[in-house]
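Biologist: Before I plan anything at the bench, I would like to learn how to read the interior and the surface of a protein model. Could you take me through one?

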Amino acid sequence: MFEILDTIDSFVWGPAMIALLLGSHLFLTFKTGFIQRKLPQAIKLSLTSDPEGKGDISHFGALATALAATIGTGSIVGVATAILAGGPGAVFWMWITGVLGIATKYAEVYAAVKFRVRDHNGFMLGGAMYIWERAFRRNDRGELDPSPGGRTPRWAKAGAVAFAGFAAIAAIGTGSAVQASAMTGIITANVDVAPWVIGIAIVVLVSVVIFGGVQSISKVCEKLVPFMAVAYAGGCIVVLVMNGPLLGEALGLIFECAFTAKAAFGGAVGSGLMMALQFGCARGLFSNESGLGSAPIVASAAATRNPAQQALVAMTGTFWSTVVICALTGVVLVSTMLANPDIAADILANPTVYSGAQLASEAFAKIPWFGTPILVLGMVAFSYTTILGWSYYGNRCITYLFGRYAIRPYQVVYVAVAFFGAIGVGDIVWTISDIGNALMAVPNIVVVLALSGMVARETRHYVTCGHLDERDETPIPQLDGK
């Protein structure tokens, strides 16, 4: 089974997917007028709340929940896995994916907020499934009509169902099993404790939060995410200072291996352009989720005056998760491995699903006193909040597919899978997650590209022409009892 899944994974993350993602990132960067230049304004906006905005949670609450789902396994273990599989050059392509992906994150969130709806209780629902559902509706005269009176074409409905289905499956793998597996790998590599004990603890800690809904999840994430991100980034900076003499060589190796075939770390890790590109892009997407369509689901719940406001706030998530956190992790690992080339050789002699976690553990353990505690605490906090964030994504998608009564059974399955991920489900965890991420990205990217003209046009009005405080008075429709 694993060989079949591995073949599928290699296919879906082949040249076609890389071209789709990087091509979309580039296209949307130019289409939005290089929206990355508005990053300082977006960061400032993310720290404010707007009582006049329509939504359930604050700008920062939505951003913190999205960051909770992105700054996790992909930011630490994912970087280590990418380096082992694609060489140091993978770090460069992760970074590029992050820089260009800022525009894609902006565009997908803009569309999601514009076409969001209210559920039977008045809470906001959004994401690629509702974009497909509403953006292409037509009235009896054949005119585009996103109101409840319009009719959704079958092909648009198929796109909505495909995204929601793939996302619900990916949430169980990416958000639950993978995070629990990585958390267990980090803890057991440094502390003598049985995996099943960790699994039970994860189930309890996750259950007490996710059953409280998006407000409960966002409150926890608002408190944990800033603290853990600053603490981890600070620890990485200290490590980089200690590795100061090797930083130039580490950066040079990352850039060189991004474009040429070269052995690294005493020959233990080889690299090539396609391998570095493939694993760098795959892990970059796993880290920042730009183009994946996950972050727009929670961004749609934010209280905002217009779609541009929350889109700007949301795009800062890609900057923090990949451009900052992943880059710091990558340089820390490469510089430490240059000083200790035996680390990679020992791990690759007996590779397992925990190889990425082992590499991160070994690298940080080389730093006296605080290296291991920073990694363990950071990884546990990152993985825990990622489980919380993805649980919301999953239940929003399952609600679209089967209605609100399916939420509770899905949540039970979600936490159960976390336990099985903790006790060990093998390499199949990462593989299924990679496949699920790719499959949910396709319908999301397609619909965002289809609406890129609308996003660009309205961005010029709100952002370029200085109308960012203007209130969008378009009514938000409410669903029926489903």
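Modeller: We will go from the overall make-up to the core, and then to a patch on the surface. Please keep in mind that this is a predicted model.

Biologist: How many helices and strands are there in the protein?

Modeller: The protein has 20 helices and 2 strands, and of its 482 residues 61% are buried. Among contacts with a separation of 6 or more, 84% join residues that lie 24 or more positions apart.

Biologist: Which residues have the most contacts inside the largest nonpolar core?

Modeller: The general idea is that nonpolar side chains tend to be buried together in soluble globular proteins. Here the largest nonpolar core has 151 residues, and those with the most contacts inside it are Tyr-106, Ile-202, Leu-312 and Leu-451. Helix H14, which spans residues 307–339, gives the most to this core, with 17 residues. Leaving aside residues up to four places away in sequence, Tyr-106 touches several others, including Ile-35, Ala-308, Leu-312, Met-315 and Val-463.

Biologist: Which residues form the nonpolar patch on the surface?

Modeller: That patch is formed by Trp-196, Val-197, Ile-200, Val-204, Val-208, Phe-420 and Ile-423, which together have about 660 Å² of accessible area. Helix H9 (195–210) and helix H18 (407–423) each supply at least two of its residues, and the largest share, 5 residues, comes from H9.

Biologist: Why is Val-197 classed as partly exposed?

Modeller: Val-197, which lies in helix H9, is classed as partly exposed because its relative accessible area is 36%, and that class runs between 20% and 50%.

How values were computed:
Residues are numbered from 1 along each chain as its sequence is written. This is a predicted model: local features need pLDDT of at least 70, side-chain atom pairs count only at pLDDT 80 or more; totals for chains, interfaces and linings use all residues. Side-chain values use heavy atoms; hydrogens and water are left out. A nonpolar core is a set of buried Ala, Val, Leu, Ile, Met, Phe, Trp, Tyr and Cys residues joined through side-chain atoms within 4.5 Å. Buried means under 20% relative accessible area, exposed over 50%, partly exposed in between (1.4 Å probe, protein chains only). Helices (H or I, at least four residues) and strands (E, at least two) are DSSP runs, numbered from the N terminus. Contact means heavy atoms within 4.5 Å. Patches are made of residues with over 30% relative accessible area and no salt bridge: like charges are joined within 9 Å, nonpolar side chains (Val, Leu, Ile, Met, Phe, Trp, Tyr) within 5 Å. Accessible areas come from the Shrake-Rupley method with a 1.4 Å probe; for residues, only the protein chains shown count as cover. A salt bridge is a side-chain nitrogen of Lys or Arg within 4 Å of a carboxyl oxygen of Asp or Glu.
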